[in-house]
Amino acid sequence: MAQKSLDKTKLGVVYRQAIVKKLLDNYKTRNSLIAVNFNKVNSPDLTQLRHSLGDVDSKILITKLSLFSRFFTDINKKKFFDAGSRMGALIFVGKDIVATTKVLADFIQEHEDFKLLGGFFDEKELSETDLKQIAKLPSRQELIAKTILSIKSPLIKFRSVLEGLSRKLLLCLISAKDKKENSHNQRSNS
């Protein structure tokens, strides 16, 4: 009997160590995270959020707050979850933090009990306010489109100037031809 309880204790320790290792591995590969509190958010909605975050190359991990506490201790960072937190999750951000915060902002619109607590982006600590400001920034695709448009716009204007010059030349030539034909027709009639 003593052996069985010892095995369960070891299994629990191994499980907790594996979860903390998974959190550390995700932090090392992504190096940016957002802590959230999600009291009263149902499982289907969290699954929907998981899929939406996956679309922007981000990952949400949910586990016991005590394991998050160990994780934050291991990385020497601020612990975002306090004693009042009941349910928490960490979102490991992919390449685009703006896209991730936009997904979270949309989710918050539908779920008032979902709260941003803060996070880290490339070692810089971010507050809830910082994350909300980031969500208001234009997305990567919008910035690329604006850049392409700003490059393309002068070229379009230059093309229209050149086309305008060639159009004017063509009109002048047509006008000269018409004048010549009219003067030739007037001489013929006289």
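**Close-up 1. Strand 1 and strand 4 pair antiparallel.** Seven bridges join strand 1 (residues 32–38) to strand 4 (residues 114–121). S32 has F121 of strand 4 as its bridge partner. Strands (E, at least two residues) and helices (H or I, at least four) are DSSP runs, numbered from the N terminus. Two strands count as paired if DSSP finds at least two bridges between them. The model is predicted: local features need pLDDT of at least 70, side-chain atom pairs count only at pLDDT 80 or more, and totals for chains, interfaces and linings use all residues. Residues are numbered from 1 along each chain as its sequence is written, and side-chain values use heavy atoms, leaving out hydrogens and water.

**Close-up 2. Five strands form an open sheet.** The order is 2-3-1-4-5, with antiparallel pairing. Strand 2 (59–62) and strand 5 (124–126) stand at the edges. Each has a single partner strand, so one side of each lacks a neighbour in the sheet. From one strand to the next, the twist averages 20°. Angles run from 0 to 180 degrees between N-to-C directions; axes are lines fitted to C-alpha atoms, for helices over the stretch in contact.

**Close-up 3. Helix 3 packs on the sheet.** Helix 3 (residues 65–74) touches strand 1, strand 2, strand 3 (88–92) and strand 4. Contact means heavy atoms within 4.5 Å. The direction of helix 3 makes about 45° with that of strand 3.

**Close-up 4. Helix 4 lies across strand 1, strand 3, strand 4 and strand 5.** Helix 4 spans residues 97–110. It runs at about 170° to strand 4.

**Close-up 5. H184 lies in helix 6 (residues 140–189).** H184 is exposed, with a relative accessible area of 51%. Exposed means over 50%, buried under 20%, partly exposed in between (1.4 Å probe, protein chains only). The C-alpha atoms of H184 and F68 are separated by 95 Å.
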